[in-house]
Amino acid sequence: MSPAPSSIRVMAVDDHPLVRQGIAGLVTGQSDMKLVAEASNGREAIQQFRTHRPDVTLMDVQMPEMNGVDAIIAICGEFSEARIIVLTTYVGDVQVVRAIKAGARAYLLKNTLHKELLDTIRAVHSGKKTMSPEVSFQLAEHATDDALTPAEISVLRLIAAGNANKQIADQLSISEETVKGRVKNILSKLGANDRTHAATIGIRRGIIEL
């Protein structure tokens, strides 16, 4: 007779206690899973991973002190076998790509928590990769988009912070004409009507963070 399979050991990383409680409730109710650790930011996640070595980690993206993507990079850099599921309210295609490149095995939206989480934990534990249909749609929608350059992203970040062209030029030590050229490119590439619209798109897609 083969021995009974051991439980899938899960860690939940989220800065909202209610989300962690919800995950705990779902996981604890499963005969093949148990919650072994929790963390409220990326730094805690790295420490808890080192201590508990969970089989599957559920990682939020937007958190204080250290965000989820940076935590994934650190954990996967130290533990190549880490199996991490991004669990977030943000569906920005640029952020999704960043998380997958960092080492995430799956990308789920929090509004699908009860429907998809448990099956996704089991799938990732068995070595598969997966993502929500909404996330796949976002990736497909922007697959052929002309990406912003790092210089344009720097300008967009300053636009979102409320800076005028002259202020942006001063902060980046470039001419105002150069700023205007980059703004024009940004509006074109993002399909934005104006600067405010461009900033909104940039935040929604995960190109920049507030």
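Helices here are DSSP runs of H or I at least four residues long, numbered from the N terminus. With that in hand, the predicted model can be walked through, starting at helix α4. Just past the end of α4, G103 takes a positive phi of about 130 degrees. Helix α4 itself covers residues 93-102, and its buried residues are D93, Q95, V96, A99 and A102. An α-helix has 3.6 residues a turn, so residues three or four places apart point the same way. The buried residues of α4 pack against two other helices, α3 and α6 (133-141), and also against the strands β4 (84-88), β5 (106-109) and β6 (130-131).

Stepping back for a moment, the protein has 10 helices and six strands. Its C-alpha atoms fill a box of roughly 75 × 30 × 30 Å along the principal axes. Of its 210 residues, 45% count as buried. As for contacts between residues at least 6 apart in sequence, 63% of them join residues at least 24 apart.

Strand β5, one of the partners of α4, contains L109. This leucine has a relative accessibility of 8%, and because buried means under 20%, L109 falls in that class. The C-alpha atom of L109 sits 8.3 Å from that of E134, although 25 residues separate the two along the chain.

Then there is the pair α7 and α8. Two packed helices are described by the angle between their axes and the distance between the axes. For α7 (residues 150-160) and α8 (residues 165-172), the axes come within 10 Å and cross at roughly 130 degrees. That angle lies between the 115 degrees that ends the roughly perpendicular range and the 145 above which helices count as roughly antiparallel, so α7 and α8 are oblique to each other. The crossing is right-handed. On the α7 side the contact is made by S154, V155, L158 and I159, and on the α8 side by I168, Q171 and L172. Sorted by type, the residues of this contact come out as five nonpolar, two polar and no charged.

The loop between these two helices holds N163. With a relative accessible area of 13%, N163 is buried. Its side chain makes a polar contact of 2.9 Å with the side chain of Q171, a residue of α8 that also takes part in the helix contact. Leaving aside residues up to four places away in sequence, N163 touches L158, I168, Q171 and R195.

A second asparagine, N67, is found in the loop between β3 (56-59) and α3 (68-78). N67 also counts as buried, at 16% relative accessibility. A polar atom of the N67 side chain lies 2.8 Å from the backbone nitrogen of D70. Outside the residues up to four places away in sequence, N67 touches G42, V61 and E209.

The loop between β3 and α3 also holds E65. Phi of E65 is positive, at about 70 degrees, even though the residue is not a glycine. E65 is exposed, with a relative accessible area of 63%. R53, another non-glycine residue with a positive phi, has a value near 45 degrees. R53 lies in the loop between α2 (42-52) and β3, and at 46% relative accessibility R53 counts as partly exposed.

Note on methods
Residues are numbered from 1 along each chain as its sequence is written. This is a predicted model: local features need pLDDT of at least 70, side-chain atom pairs count only at pLDDT 80 or more; totals for chains, interfaces and linings use all residues. Side-chain values use heavy atoms; hydrogens and water are left out. Buried means under 20% relative accessible area, exposed over 50%, partly exposed in between (1.4 Å probe, protein chains only). A polar contact is a pair of N or O atoms within 3.5 Å; within protein, one must be able to donate a hydrogen and the other to accept it, and residues adjacent in sequence count only if both atoms are side-chain atoms. Contact means heavy atoms within 4.5 Å. Axes are lines fitted to C-alpha atoms, for helices over the stretch in contact, and angles run from 0 to 180 degrees between N-to-C directions. Angles under 35 degrees count as roughly parallel, over 145 as roughly antiparallel, 65 to 115 as roughly perpendicular and the rest as oblique. A crossing is left-handed if the near helix is turned anticlockwise from the far one by less than a right angle, and right-handed if clockwise. Ala, Val, Leu, Ile, Met, Phe, Trp, Tyr, Cys and Pro count as nonpolar, Asp, Glu, Lys and Arg as charged, and the others, Gly among them, as polar.
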